[in-house]
Every structure is written in C-alpha cells, then in structure tokens.
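Grab a pencil and keep the sequence and the 3D view open side by side. Try each task on your own before you read the solution under it.

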Amino acid sequence: MAKKRPQTKAGKSGQAQVTNGEIPVVGAREPCPCGSGRRYKACHGRAAAHAVTEHVQRPFEGLPGECDLVALRELVPAATVPLTLKGGLPEGVPSVTLATVLPMAWPALRRDDGSVLLALQNDGTSGDLSRDLADTLQRALATEPGNPVPPRRVEPEGPRLQDLLDTDAPFAPEVHTGFEFWIPQSADGAEPEVAASLERANAAAIPTVKLDSVDAAYWCETPDKNHLRWVMPYPEEALLDALARLQAAGTTSLGPDTRLVGSFRAHGLMVPVWDLPSAMTAEECEKPAAEFAERLTEALTVDAPLTAEERRARGGLTNRQVTLS
C-alpha cells in the first residue's frame, strides 16, 4: 500500500502557499498551491500523477548491450560492467562501474578513492529505469568520496542514461561468483553491516555464467535442474512466430533432455528459457546455443503464414510467458 501524502492546510486566502517557487504536494481535492483556483489533481497534480504512472516499456533501448542490461537487471545475481561517460570522467572520478546490486540496497556508492558503483536492480520511481539510473549516477558523481547515495523521487524531465553514456563504447559484463567486488582489494576489511549484507547476498546467489558463443545468454544452476535464459532483441510477435516454427519442427532443443519451456517478458524484450539437465555445464551449452542461433535467424526470415501445427506451438509458447516488468 502506498503511504498517504500529508495534506497541507490552506492559507488565509483558502489556498496553500508557494514556498521558494516550488509547488508542494497537497491533497488531490485541495486548491492547487500555484494559485490557479483549480483543485490540485486538475492542475499541477495532473503532471505529477502522469509522471508516476507513465511507464517506459524499453528503458534501455538505444544503449549498447540492451539485452545484457535486461539480463543483469532481472536474471543475474552478481555482475559488473565498466561504463564510459560522454566527455570522459570528471576530475577525481577514476572509474564508473555498473553493478547488479550493492550492499544495503544502496542505489550507488562513491568509494573512498572517488570511483562510483551504480546499482542496477534497485526500484525506480519515475516509470523510466534509464532516467532513475541517470539521476542516481549524476548524484553519485557529485557525492563526497566514502559515502553511499540515498534513494529519492526522480523528476520526469531529467536526463536518461542515453544522455550520459557513450553509446559507442563497448558493453562488457563480467559475471561474478559472489559479491566480493563490493569491497576494494585495498580495504583491510568491511564494516560489520556490509560484511553481513555480503554474507546474505552470497548465500542467496544462484551460480550463473554468461555464454561466449551468443549474445546475452546466461546459464544458471539450481538444485533440481539447470537453465539457459536468453534475452533476445527481436520484436516479440516475430520471435514468437519463429520459435513456433522451430518448436513444430522439433528443433528448439539444445541437446538430449533439454527443452524450451517458456519465456519471460522483461523491459520490452523477450527471454526464452530452456530446462537443462543438472549435469549440463555452461561450456556444454556453447555449441548447441550457437547452432540454435543459426536456426532462429533463418526462421525469422520466413514470412509465410503459420501452419495449424505451428499455431498450436505458438499458443503453447504464449501460454507459458511470464512478465517480469
């Protein structure tokens, strides 16, 4: 449940007063503090409500590694990516690194040496993850070294990551077995609360490996079976048709005892998921994944109507979709 906003009392004129040129938040039915004579919900409250509810379906579109960004946001426990800013790094900031998550769920951290860690998996407030992350990054760059960056509500007019990052720079995620990257190698030891957070995070992390043979495919190990989760850049309808053709032809397998079981929807992209035998390693996925990518590329070029069998296969795939965001 959302917290109720405190209502400000009206001034002598029957309207709340504007302070320092800012419009304070008041009750939806109260007079708008701007002095227009209209209720807040019909005046400045309308823009505020729109900013909160508007959702950007593909927040990472246009950024290098969009598919990997989606995977790191939703599927990968521990990973880091060096970021390159437009115009270079500010003075006193030796590096900026995107991390899946930080201790105590900090949105960002400015380390003692001035470097910045930016967390990807925190909740947003603006409806646009790219804008939320850009706001946090800007604040992190201006934060005194040795301090975390607290969360805050983001203005809808602010810049996005697409405005701050060099989109021609490479995007190279590094997947880690744990969260030891939180603690610099030069540090003597972590503070007790950071150490406790590190221990909890490591205990909950699912072993994950990024494949080398294809883009944005991640093998993960669970107690009963392993999985391959593969974020794909293709439009959903075209990808469903192509997967349905391959499913009907019996060519979606990645080897014995493997099965395409469904897909996720995440940040405007589709993520097919395969069940794998518990003995199948990430290395053993490389060749069959590359071969499947070739079959999928060919299936995506077919524009003939689906056959009855392919339509049934498509229906099954659609029924096994789960929306993550």
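## Exercise 1: Leu109 and its surroundings

Task: find out which residues Leu109 is in contact with, leaving aside neighbours within four places in sequence.

Solution. Step 1: skip those close neighbours, and the contacts of Leu109 are Leu102, Ser115, Val116, Leu117, Asn147 and Pro148. Keep in mind that you're looking at a predicted model. Step 2: place the residue; Leu109 sits in strand β3, which covers residues 108-110. Step 3: pick one partner and compare sequence with space. Asn147 is 38 residues away from Leu109 in the chain, yet their C-alpha atoms are 6.1 Å apart. Step 4: check the cover. Leu109 has a relative accessible area of 11%, and buried means under 20%, so Leu109 is buried.

## Exercise 2: The protein as a whole

Task: what share of the contacts with a separation of 6 or more comes from residues 24 or more positions apart?

Solution. Step 1: start with the parts list, which is eight helices and twelve strands. Step 2: now the contacts. Among those with a separation of 6 or more, 59% are between residues 24 or more positions apart. Step 3: look at the cover, where buried residues make up 44% of the 325 residues. Step 4: finish with the outside. The accessible surface is about 17500 Å², and carbon and sulfur atoms account for 50% of it.

## Exercise 3: Two threonines

Task: work out whether Thr252 and Thr208 are buried or exposed, and what their side chains reach.

Solution. Step 1: locate Thr252 in the loop between α6 (236-248) and β10 (259-266). Step 2: its relative accessible area is 6%, so Thr252 counts as buried. Step 3: look for partners. The side chain of Thr252 has a polar contact of 2.7 Å with the side chain of Gln247. Beyond four places in sequence, Thr252 also touches residues including Leu260, Trp274 and Phe292.

Step 4: move on to Thr208, which belongs to strand β7 (residues 208-210). Step 5: with 12% relative accessibility, Thr208 is buried. Step 6: here the side chain reaches a backbone atom, the oxygen of Ile206, at 2.9 Å. Outside its close sequence neighbours, Thr208 has contacts with Val76, Pro77, Val175, Tyr218, Trp219 and Cys220.

## Exercise 4: A serine with a distant partner

Task: which residue's side chain makes a polar contact with the side chain of Ser213?

Solution. Step 1: go to the loop between β7 and β8 (217-221), where Ser213 is placed. Step 2: list what Ser213 touches beyond four places in sequence, namely Glu286, Ala289 and Ala290. Step 3: the polar partner is Glu286, and the two side chains are joined at 2.7 Å. Step 4: count along the chain, and Ser213 and Glu286 are 73 residues apart, while their C-alpha atoms are 5.6 Å apart. Step 5: the relative accessible area of Ser213 is 34%, so this serine is partly exposed.

## Exercise 5: How helices pack on α6

Task: describe how α6 packs against α8 and how it crosses α7.

Solution. Step 1: know what to look for. Two packed helices are described by the angle between their axes and the distance between the axes. Step 2: take α8 (residues 308-319), whose axis is 8 Å from that of α6, at an angle of about 120 degrees. Step 3: name the arrangement. The pair α6 and α8 is therefore oblique, and the crossing is right-handed. Step 4: find the residues that meet, with Leu240, Ala244 and Ala248 among those in α6 and Ala313 and Leu317 among those in α8.

Step 5: turn to α7 (residues 282-300), where the axes come within 9 Å and cross at roughly 115 degrees. This crossing with α6 is right-handed too. Residues in the contact include Leu239 and Leu246 from α6 and Phe292 and Leu296 from α7.

## Exercise 6: Positive phi

Task: Met104 and His267 both have a positive phi without being glycine; where are they, and how covered is each?

Solution. Step 1: phi is near 55 degrees for Met104 and about 55 degrees for His267. Step 2: Met104 lies in the loop between β2 (96-99) and β3, and His267 in the loop between β10 and β11 (269-276). Step 3: Met104 is partly exposed at 30% relative accessible area, whereas His267 is buried at 5%.

Terms used. Residues numbered from 1 in each chain as written. Predicted model: local features only at pLDDT ≥ 70, side-chain atom pairs only at ≥ 80, totals over all residues. Heavy atoms only, no water. Helix = DSSP H or I, 4+ residues; strand = E, 2+ residues; numbered from the N terminus. Buried < 20%, exposed > 50% of the residue type's maximum accessible area, 1.4 Å probe, protein only. Polar contact = N/O pair within 3.5 Å; in protein donor to acceptor, adjacent residues only side chain to side chain. Contact = heavy atoms within 4.5 Å. Areas by Shrake-Rupley, 256 points an atom, 1.4 Å probe, with all protein chains shown as cover. Axes fitted to C-alpha atoms, helices over the stretch in contact; angles between N-to-C directions. Parallel < 35°, antiparallel > 145°, perpendicular 65-115°, else oblique. Left-handed = near helix turned anticlockwise from the far one by under 90°.
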